[in-house]
Amino acid sequence: MSGDVSDVSDASDVSTDPAGSIDLVDIGVNLTHKRFRADLADVIARARAAGVGTMVVTGTSLAGSWAAWELARQHPGVLHATAGVHPHGARDCTGDTLAELRDLACRAEVRAVGECGLDYDRNFSPPPDQRRWFAAQVELAGELSMPVFLHERAAHGDFLAILRERRAALPAAVVHCFTGSAAELDAYLDLDLHIGITGWICDERRGLHLRDLVARIPLERLMIETDAPFLMPRDLPRPPPDRRNEPAFLPHILDRVAAAAGKPRDEVARATTRAARRFFGLGGAAGTGAADPAPADVPSAAGTR
Ligand SMILES: [Zn+2]
């Protein structure tokens with residue numbers, strides 16, 4: 001699969017920055033999803049042309065984590081991976097699952113444990129299973145001194161309790177796709193967590209409260225993500241007819257986040273990129289050869305693992 005940017009002639013269809021500005025990091029993109037199977041190379045190329053030079057492919061199951069790792073291996077320096085089991089899959093976890101996750105997590109392309117957490121919204125797995133395997137994955141991350149990529153929906157209290165007990169062993173943790181209340185956000189910030197904001201903030205039906213909350217998040221703990229192919233920003237000027245989200249739309253989310261934070265776009269771009277590179281131990285600037293100089297205070301990958 002070639003991700004050659006020069007293959008892409010329709011990058012101008014994407015309402016984003018031209019390439020050459022700050023290299024953005026999409027910290028959560030489900031590129032192994034079947035909706036990307038037919039045109040993944042184009043999706044990656046469009047993202048890079050839009051200034052999204054680095055993407056972290058979310059692993060949400062064992063098979064998905066292997067696939068994410070394989071993708072990252074094929075696109076060194078552009079794609080990275082996480083390895084974990086989403087709470088929806090907790091019912092199928094066994095001791096072998098954990099051993100396999102450990103194997104994956106020790107590979108250089110895998111930069112975090114997760115996606116793991118609790119989701120009581122639909123309870124696809126029984127809550128006791130969810131809690132058990134969430135705790136186990138957080139403990140694995142602690143053992144390996146790796147950051148964790150976290151998912152929480154309608155489960156704030158239990159989620160916080162499990163995390164609080166194990167927080168000291170973790171180098172860092174991000175609540176991805178945060179959609180909660182002010183009190184929930186404050187509790188996460190008190191635990192020194194990072195916060196991932198998606199295109200949910202663009203949703204006039206259910207995301208507007210996030211616009212008031214973003215300013216509370218210290219810039220060094222704020223990161224941005226598309227969660228593609230899910231959560232297409234609802235206010236894209238030219239939404240794709242199939243309503244598939246893709247990482248090339250990240251600059252649009254950045255615009256909304258910067259406006260909500262009341263800060264200049266470039267400042268938020270630079271800060272979120274720096275936070276993501278530090279969080280995932282990605283070292284200096286890479287990917288599209290963006291103009292942002294490698295921040296001197298970003299430790300090397302080895303320093304954060
Ligand atoms: Zn999630």
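The following paragraphs describe a predicted model of a protein chain, from its overall make-up to individual residues.

The protein chain has 305 residues, and 51% of them are buried. Its secondary structure consists of 10 helices and 8 strands. If one takes the contacts between residues at least 6 apart in sequence, 75% of them join residues that are at least 24 apart.

The 8 strands form an open sheet, in which the order is β1-β2-β3-β4-β5-β6-β7-β8 and the pairing is parallel. At the edges stand β1 (25-29) and β8 (222-224), each of which pairs on one side only. From one strand to the next, the twist averages 30 degrees. In general, the strands of a sheet pair through backbone hydrogen bonds, in either a parallel or an antiparallel manner.

Within this sheet, the pairing of β4 and β5 can be followed residue by residue. Strand β4 spans residues 110-119, strand β5 spans residues 148-153, and the two pair in the parallel sense over 6 bridges. Asp119 stands opposite Arg153 in β5, while Leu118 has Glu152 of β5 as its bridge partner. Strand β5 is mostly covered, since 5 of its 6 residues are buried.

Val148, in the stretch assigned to β5, also belongs to the nonpolar interior. The largest nonpolar core comprises 88 residues, and Val57, Val148, Val174 and Val257 are those with the most contacts inside it. When residues up to four places away in sequence are not counted, Val148 touches Ala112, Val113, Gly114, Cys116, Val138, Ala141, Leu170 and Ala173. In soluble globular proteins, nonpolar side chains tend to be buried together.

The helices may now be considered, beginning with α1. This helix covers residues 40-49 and is mostly covered, with 7 of its 10 residues buried. The buried residues of α1 are Val43, Ile44, Ala45, Arg46, Ala47, Arg48 and Ala49, and they pack against β2. After α1 comes Gly51, which has a positive phi near 95 degrees.

Helix α2 has contacts both with the sheet and with another helix. On the sheet, α2 touches β2 (54-57), β3 (79-83) and β4, and its direction makes about 160 degrees with that of β3. Helix α2 (residues 62-74) also packs with helix α3 (residues 95-105) at an angle of about 10 degrees, the axes being 11 Å apart. Because angles under 35 degrees count as roughly parallel, α2 and α3 are roughly parallel to each other. At their contact, Leu62, Ser65, Trp66 and Trp69 in α2 meet Thr97, Glu100 and Leu104 in α3. By class, these residues are 4 nonpolar, 2 polar and 1 charged.

The last residue to be examined is Arg166, located in helix α5 (residues 156-166). Is Arg166 buried, exposed or partly exposed? Arg166 is partly exposed, because 16 other C-beta atoms lie within 10 Å, whereas a buried residue would need 20 or more and an exposed one 12 or fewer. Apart from neighbours within four places in sequence, Arg166 is in contact with Val138, Glu139 and Gly142. For Glu139, which is 27 residues apart from Arg166 along the chain, the separation between the two C-alpha atoms is 7.0 Å. Val138 is thus a residue that Arg166 contacts and that Val148 touches as well.

How values were computed. Residues numbered from 1 in each chain as written. Predicted model: local features only at pLDDT ≥ 70, side-chain atom pairs only at ≥ 80, totals over all residues. Helix = DSSP H or I, 4+ residues; strand = E, 2+ residues; numbered from the N terminus. Contact = placed C-beta atoms within 7 Å. Axes fitted to C-alpha atoms, helices over the stretch in contact; angles between N-to-C directions. Parallel < 35°, antiparallel > 145°, perpendicular 65-115°, else oblique. Nonpolar A, V, L, I, M, F, W, Y, C, P; charged D, E, K, R; others polar. Pairing = 2+ DSSP bridges. Core = buried A, V, L, I, M, F, W, Y, C linked by C-beta atoms within 7 Å.
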